[in-house]
Amino acid sequence: MSQPNKLELVSFKVCPFVQRSVIALNEKGVAYTLTHINPHEPPDWFSAISPLGKVPVLLVDGKPLFESAVILEYLDEVYPPSLHPADPLQKAQHRAWVEFCSELVTRQFHMLSAKDAAAFDEAYDSLRNGLQRVGGELAAAGPFFAGSSLQLVDCVYAPLFMRLALVKKHFGVDLQMSERMQVWSDALLAQEAVKTSVVEDFEDVFLNFVKMREGYLLER
Ligand SMILES: N[C@@H](CCC(=O)N[C@@H](CS)C(=O)NCC(=O)O)C(=O)O
């Protein structure tokens, strides 16, 4: 499999979908550059390469690739060792739980943006239920999703856990994760590939993002 000469990841500092790609790149030790934009005020060059107007876009020797799950699969094919299980069914199951995480990120966003108590509670409950559901899939022997080694599915959940930890710290919102789930989250957030996957002032950037939502979270 031939490897490209240059990878440029187009990013939005607070985006969990970009962050999953960064974690995979870091974990694999692949060199890349980051270009930060605001997809809500996109420069013309970005609109031209992003059909959905969303980040991440990975420029592979200048050729654009969009959708974070697709970017992860590409990186995993081109840069060994693979972070997927070898067994086809297990691999497909990991991909399914990657999709599920995207849904949980949306639920988390709804919780952060909810304008009143009812909307907040609904989003909180659906996020908590979703976390319990994925929690039931974790290998008994952790700390990661499938056991002792970090895989692509782990790269995808780490950005969600990073935000949940900040929401707990700053707003007291506790998703009441199981002990096993907390072990998974703690192990992920301690990984070098994860710690270095965000900008240095990420906590401030994220808090500012949350404040700009002007949600019920700020007043509860
Ligand atoms: N399904 C996409 C979701 C990416 C996404 O929602 N990115 C957000 C930022 S976190 C975005 O670019 N939003 C801009 C918009 O929707 O206009 C993926 O996995 O790459």
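Q: Which residue has a backbone N or O atom that lies 2.9 Å from an oxygen atom of the ligand?
A: In this predicted model, the ligand is surrounded by residues including Lys 54, Val 55 and Pro 56. A polar contact requires N or O atoms within 3.5 Å. The backbone atom that lies 2.9 Å from a ligand oxygen belongs to Val 55.

Q: What is the distance between the side chain of Ser 68 and an oxygen atom of the ligand?
A: Glu 67 and Ser 68 are both among the residues around the ligand. Glu 67 places a polar side-chain atom 2.8 Å from a ligand nitrogen. For Ser 68, an N or O atom of the side chain is separated from a ligand oxygen by 2.6 Å.

Q: How much of the accessible area of the ligand does the protein cover?
A: The ligand occupies the space of the largest pocket. On its own, the ligand has 520 Å² of accessible area, and the share covered by the protein is 75%.

Q: How many residues in the shell around the ligand are nonpolar?
A: The shell includes Cys 15, Pro 16, Phe 17, Pro 39, Val 55 and Pro 56. Cys, Pro, Phe and Val count as nonpolar. By class, the shell has two charged and three polar residues, and the number of nonpolar ones is six.

Q: What is the peptide bond from Val 55 to Pro 56, cis or trans?
A: Pro 56 lies in the loop between helix H2 (44-49) and strand S3 (57-60). Most peptide bonds are trans. The bond from Val 55 to Pro 56 has omega near 5°, and is cis.

Q: Where is Pro 81 found, between which two helices?
A: The peptide bond that joins Pro 80 to Pro 81 is cis, with omega near 0°. The loop that holds Pro 81 runs between helix H3 (68-78) and helix H4 (88-113).

Q: Which residue other than glycine has a positive phi near 50°?
A: Most residues other than glycine have a negative phi. The residue in question is found in the loop between S3 and strand S4 (63-66). With phi near 50°, a positive value, it is Asp 61.

Q: What percentage of the chain over residues 87-207 is helix?
A: UniProt, in an unreviewed entry, assigns residues 5-83 to "domain: GST N-terminal", and that stretch is 38% helix and 22% strand. An unreviewed UniProt annotation, "domain: GST C-terminal", covers residues 87-207. Over residues 87-207 the end C-alpha atoms are 40 Å apart, strand accounts for 0%, and helix for 71%.

Key: Residues are numbered from 1 along each chain as its sequence is written. This is a predicted model: local features need pLDDT of at least 70, side-chain atom pairs count only at pLDDT 80 or more; totals for chains, interfaces and linings use all residues. Side-chain values use heavy atoms; hydrogens and water are left out. UniProt positions are given in the numbering used here, feature names are shortened, and annotations may be inferred rather than shown by experiment. Helices (H or I, at least four residues) and strands (E, at least two) are DSSP runs, numbered from the N terminus. A residue is near a molecule or strand if one of its heavy atoms lies within 4 Å of it. A polar contact is a pair of N or O atoms within 3.5 Å; within protein, one must be able to donate a hydrogen and the other to accept it, and residues adjacent in sequence count only if both atoms are side-chain atoms. Accessible areas come from the Shrake-Rupley method with a 1.4 Å probe; for residues, only the protein chains shown count as cover. On a 1 Å grid over the protein atoms alone, a cavity is a set of points where a 1.4 Å probe fits but cannot get out, and a pocket is an open set with protein on both sides within 12 Å along at least five of seven lines; lining residues have an atom within 4 Å of a point. A molecule sits in a cavity or pocket if more than half of its atoms lie within 2 Å of its grid points.
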